[in-house]
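Thank you all for coming. I would like to use these few minutes to walk through one model, going from single residues to charged pairs and back again.

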Amino acid sequence: MILPYNRKMKPRAQELRRYATPQENELWYKFLRKHTCHFARQKTIDNYIVDFICRSKKLVIEVDGSQHYTDDNLEYDQIRTELLGSLGLHVMRFTNTEIDTSFDKVCSVIQNYLDSH
């Protein structure tokens, strides 16, 4: 799957990998990093950087902090999700709170998607 790439976003993606949130790190190190389906983190697609992507399953996983729930950011995320969808990608969003309080459930939701696609 060839996705649009913006080389100018690469330094920011590297920075986001280096300074990942605790919730992103938990999902990465406890579930996604060694999953049988290959995941990458903080990858550039068009003018956006996604938290996690599994190209073979066309799955994007986003872990959202409270800043995502302002009116402006909700609109931004909707536009972003629509663009990713137009590229054939399915976007799953989880809140930091879901990662903190329901980690096993989050992993089950992701695994169920992977098993069915």
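Before I name any residue, let me fix one word: buried here stands for under 20% relative accessible area, exposed for over 50%, and partly exposed for what lies in between. Please also keep in mind throughout that this is a predicted model.

With that cut-off in hand, take Gln-23, which belongs to helix H2, the run covering residues 22–32. Its relative accessible area is 12%, so Gln-23 counts as buried. And which residues does Gln-23 touch, once those up to four places away in sequence are not counted? They are Val-63, Asn-96, Ile-99 and Asp-100.

Let me turn now to the charged pairs. Side chains of opposite charge can pair when their charged atoms come close. How many salt bridges does the structure hold? There are five, and I will go through some of them in turn.

One of them joins Glu-62 to Arg-80, with the closest N and O atoms 3.0 Å apart. Glu-62 sits in strand S3 and Arg-80 in helix H3, residues 71–86, so this pair ties together parts of the chain that are 18 residues apart in sequence. Both partners fall under the cut-off I gave: Glu-62 is buried at 2% relative accessibility, and Arg-80 is buried at 5%.

Another salt bridge is formed by the side chains of Arg-93 and Asp-64, at 2.8 Å from N to O. Here the link runs between distant parts of the chain, since Arg-93 belongs to strand S4, residues 90–95, and Asp-64 to strand S3, with the two positions 29 residues apart in sequence. Are these two residues buried or partly exposed? Asp-64 is buried, with a relative accessible area of 2%, whereas Arg-93, at 27%, is partly exposed.

Arg-93 also meets Asp-77 in a salt bridge, and there the N to O distance is 3.8 Å. Because Asp-77 lies in helix H3 and Arg-93 in strand S4, this pair ties together parts that are 16 residues apart in sequence. Asp-77 itself is buried, at 7% relative accessibility. Taken together, Asp-64, Asp-77 and Arg-93 are linked in a network of salt bridges.

On the surface, we find a patch of positive charge in which Arg-7, Lys-10, Lys-43 and Arg-55 gather. Of these I would single out Arg-55, which is found in the loop between strand S2, residues 48–54, and strand S3, residues 59–64, and which is partly exposed, with a relative accessible area of 42%.

That same loop between S2 and S3 is also the place of Lys-58. Lys-58 is not a glycine, and yet its phi is positive, at about 55°; its relative accessibility of 41% makes Lys-58 partly exposed.

A positive phi, near 50°, appears in Gln-42 as well, again a residue other than glycine. Gln-42, however, lies in strand S1 and is buried, with a relative accessible area of 4%.

I will stay in strand S1, residues 40–45, for one last residue, Thr-44. Thr-44 is buried too, with a relative accessible area of 6%. Leaving aside neighbours within four places in sequence, Thr-44 is in contact with Pro-4, Tyr-5, Asn-6, Met-9, Lys-10, Ala-13 and Ile-49. Among these contacts is Lys-10, which we have already met as a member of the positive patch.

Technical notes: Residues numbered from 1 in each chain as written. Predicted model: local features only at pLDDT ≥ 70, side-chain atom pairs only at ≥ 80, totals over all residues. Heavy atoms only, no water. Helix = DSSP H or I, 4+ residues; strand = E, 2+ residues; numbered from the N terminus. Buried < 20%, exposed > 50% of the residue type's maximum accessible area, 1.4 Å probe, protein only. Contact = heavy atoms within 4.5 Å. Patch = residues over 30% accessible without salt bridge, like charges linked within 9 Å, V, L, I, M, F, W, Y side chains within 5 Å. Areas by Shrake-Rupley, 256 points an atom, 1.4 Å probe, with all protein chains shown as cover. Salt bridge = Lys/Arg side-chain N within 4 Å of Asp/Glu carboxyl O. Lys, Arg positive; Asp, Glu negative; His and termini not counted. Charge placed at Lys NZ, Arg CZ, Asp CG, Glu CD.
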